[in-house]
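Student: I have a new structure to look at and no idea where to begin. Can you take me through it?

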Amino acid sequence: MTLTAYLEGVGLLGPGLANWPTLRAIFSGAEPYRPAPTVLPAPALLPAAERRRSGAIVRLTLATGLEAVAAAGLDAASLPSVFSASGGDGENCHAICAALASDDRQDRQISPTRFHNSVHNTASGYWGIATGSMRPSSVLSAFDASFGAGLIEALTQTVVDDTRSVFLACDTAYPEPLNGVRPLPDAFGIALVFAPQHSARALARISVTLSDENADRLAEPALERLRLSIPAARGLPLLRAVALGGEHDVVLDYLDGTRLSVTVASC
Amino acid sequence: MNPLWISHFTVTSSIGCGLGATLAALRERRSGLVPCLFDTVDLDVFIGKVDGLDTVHLPEALTDFNCRNNRLAFLALNQDGFADAVRAATGKYGARRVGLFLGTSTSGIFETELAYRRRDPVSGALPPDFDYRSTHNPFAVAELARRYFGLSGPAAVASSACSSSAKVFASARRMLAAGLIDAALVGGVDSLCLTTLYGFNSLGLVSPRACRPFDLARDGISIGEAAAFALLERAPNELPADAVLLLGVGESSDAYHMSSPHPEGLGARIAMHDALKMAGLEPSAIDYINLHGTATQNNDAAEAKAVCAVFGADGVSQTPCSSTKGATGHTLGAAGSVEAVICALALQNGLLPAGLNTREIDPSLGVNYLLHNGERPVNTALSNSFGFGGTNCSLILARADRP
């Protein structure tokens with residue numbers, strides 16, 4: 001069983017990667033990859049109160065999602081969305097667990113904002129507030145398989161419900177001590193806009209099926225380290241195929257014992 | 001959509017382990033809510049606690065997953081012959097053709113809360129026996145089920161606060177319709193932890209009594225823990241007489257506020273409307289609504305407006321409805337699946353379950369809220385699940401033999 005949809009826009013943010021054109025130039029060989037800490041832009045679209053309350057994962061998804069939607073020439077309010085992340089807002093989670101470890105009742109009074117930002121769908125909630133989209137939003141986690149889980153969710157939404165959809169894979173780092181048990185070196189996010197039919201906007205046709213093959217590796221060592229160290233970056237081989245143009249078969253990492261075989265054909 | 005057969009289901013909550021105990025509690029109008037005696041929590045609130053979770057043992061190969069949330073999931077999976085049904089489906093369709101979509105909001109974070117009390121006094125490190133991946137991470141319960149049943153198909157955890165385990169029905173529907181799978185294990189689990197008890201308390205949303213949904217004097221939620229699971233398959237031509245089908249799913253986002261519902265219930269309205277549209281049913285065809293009904297002032301008011309807009313005329317809805325959270329408490333990420341199973345029990349047993357604890361229905365809400373159980377045929381039911389972040393999901397279930 002193969003799922004097929006059309007990629008219409010890409011958004012990207014990661015260590016040394018300011019946007020999709022930066023990564024495309026690296027994959028096409030025009031520029032070298034120069035790792036540097038991820039720079040998260042302020043979420044200009046959010047009202048001032050929400051902007052102050054927004055954590056790294058909100059800034060990351062707004063930046064990548066809006067880049068992808070703008071590249072596709074679409075209105076974000078019209079799109080259903082799929083968010084997939086291994087964990088939520090790591091800084092916020094740490095602050096809550098630290099406060100709750102106290103024996104003192106006063107110390108345990110975590111702030112209302114901290115609490116409502118603790119849900120895994122925080123980024124989806126702020127995305128709705130920022131873009132005005134009332135369309136369905138799926139919010140997933142599958143640990144290291146989060147990219148693949150979100151990709152299949154977005155593609156089935158696109159194909160079955162016959163709708164464009166934006167998929168946002170994103171991960172941000174935990175502070176210590178959680179970083180010690182779940183090390184994620186930096187923030188990284190990919191956003192992809194899919195359409196059910198071919199149109200003038202289409203960048204590539206994407207066909208996905210479940211597979212037993214081993215996941216593709218990236219030749220550039222620093223990018224391969226990135227792929228292996230952040231769940232959302234498991235999608236990098238797909239983006240490489242898009243950047244190179246033409247038709248490519250790639251295998252993406254997914255669950256233990258189950259991978260995704262993807263055919264990418266430029267339009 | 002093509003109707004899906006909910007071929008097997010089970011639920012475990014503070015009102016009972018398994019379908020028999022749950023149905024008996026609903027019939028006897030028994031609430032599971034009790035004054036909070038949980039860990040070191042010093043809040044004057046009520047909780048719905050599942051007894052005996054400390055003595056549930058996971059199989060030897062799955063001991064890495066040992067935490068309250070996973071023990072609750074494991075206990076529930078093994079009620080009502082459900083695990084055997086999953087194994088039979090896996091044998092019938094193949095391990096790769098069975099999808100796994102579970103919902104949770106807080107996963108095993110209680111384990112992390114406990115680990116934070118045992119941090120190394122010098123380095124601040126978490127204790128070496130703490131296993132983040134198998135307890136805290138939202139995917140942990142799906143990984144447990146994947147390993148327990150040997151599944152190798154698509155798998156994900158939906159974690160969108162209190163809509164989580166309603167949304168898994170939507171994911172499963174799409175995967176089945178796409179032909180990627182032939183069956184789906186869906187469900188939800190959430191367990192008591194300090195994050196939600198103190199968190200909702202800080203928002204001023206927890207009642208000092210057992211929660212009273214839709215009451216004039218409602219003053220907040222009571223948090224409960226629960227797990228519920230269902231097996232979805234394409235409906236065959238021949239079905240058992242009391243077979244329950246999933247007819248429609250509606251999803252929406254409020255795009256309004258992180259912790260307050262849209263005041264007019266606009267997102268909720270869209271979710272119910274879209275579920276009816278997918279089911280091909282008029283609002284008048286729904287026999288019972290299992291409300292989200294958390295018992296906070298704003299949530300119940302917004303949901304009532306949405307129900308009246310979809311089901312009512314002149315701001316009043318006659319469709320029988322209730323919130324079963326007065327019995328189970330608000331089981332958060334498990335609520336969508338728990339209440340879908342309660343709807344399935346209502347359909348199979350001809351029971352309209354009354355809301356518990358509510359004395360005086362808020363007359364401004366304009367809904368037909370049930371204070372007494374009804375014993376009569378129930379052919380169709382709609383279940384609402386809404387959550388923080390403005391996430392909404394409505395499910396429509398029906399008897400296959402409805403006229």
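Tutor: We can go from one chain to the contact between chains, and then to some helix pairs. Keep in mind that this is a predicted model.

Student: Fine. What is the secondary structure of chain A?

Tutor: Chain A has ten helices and eight strands. Its radius of gyration is 18 Å, close to the 18 Å that the globule rule gives for 267 residues, so chain A is as compact as a globular protein of that length.

Student: And what box do its C-alpha atoms fill?

Tutor: Roughly 60 × 40 × 35 Å, taken along the principal axes.

Student: Now the contact with chain B. How many residues does each chain give?

Tutor: Chain B gives 55 residues and chain A gives 55 residues.

Student: Which element of chain B gives the largest share?

Tutor: H7(B), with six residues. Other elements of chain B give two or more residues to that side, including helix H4 (109-116), strand E10 (244-253) and H9.

Student: How do the residues on chain B's side divide by class?

Tutor: They divide into 25 nonpolar, 19 polar and eleven charged.

Student: Do strands come into this? Which strand of chain A pairs with E6(B)?

Tutor: Strand E3 (residues 137-141) of chain A pairs with E6(B) in the antiparallel sense, over two bridges. A:Ser141 stands opposite B:Val157 there.

Student: Changing topic: helix packing inside chain B. At what angle do H9 and H10 pack?

Tutor: Helix H9 (residues 266-279) and helix H10 (residues 297-311) of chain B pack at about 40°, and their axes are 8 Å apart. That angle makes H9(B) oblique to H10(B).

Student: Is the crossing left-handed or right-handed?

Tutor: H9(B) passes H10(B) in a right-handed crossing. On the H9(B) side the contact is made by B:Ala268, B:Arg269, B:Met272 and B:His273. H10(B) brings B:Ala302, B:Glu303, B:Ala306, B:Ala309 and B:Val310. By class, this contact has six nonpolar, one polar and two charged residues.

Student: OK, another pair. How do the axes of H2 and H6 of chain B cross?

Tutor: The axes of helix H2 (residues 68-77) and helix H6 (residues 140-149) of chain B come within 10 Å and cross at roughly 40°. H2(B) and H6(B) are therefore oblique to each other, and H2(B) passes H6(B) in a right-handed crossing.

Student: Which residues make that contact?

Tutor: B:Asn69, B:Asn70, B:Ala73 and B:Leu77 from H2(B), with B:Ala140, B:Val141, B:Leu144 and B:Ala145 from H6(B). The contact has six nonpolar, two polar and no charged residues.

Methods
Residues numbered from 1 in each chain as written. Chains lettered and ligands numbered in written order. Predicted model: local features only at pLDDT ≥ 70, side-chain atom pairs only at ≥ 80, totals over all residues. Axes fitted to C-alpha atoms, helices over the stretch in contact; angles between N-to-C directions. Helix = DSSP H or I, 4+ residues; strand = E, 2+ residues; numbered from the N terminus. Parallel < 35°, antiparallel > 145°, perpendicular 65-115°, else oblique. Left-handed = near helix turned anticlockwise from the far one by under 90°. Contact = placed C-beta atoms within 7 Å. Nonpolar A, V, L, I, M, F, W, Y, C, P; charged D, E, K, R; others polar. Pairing = 2+ DSSP bridges. Rg over C-alpha atoms; globule rule 2.2 N^0.38 Å.
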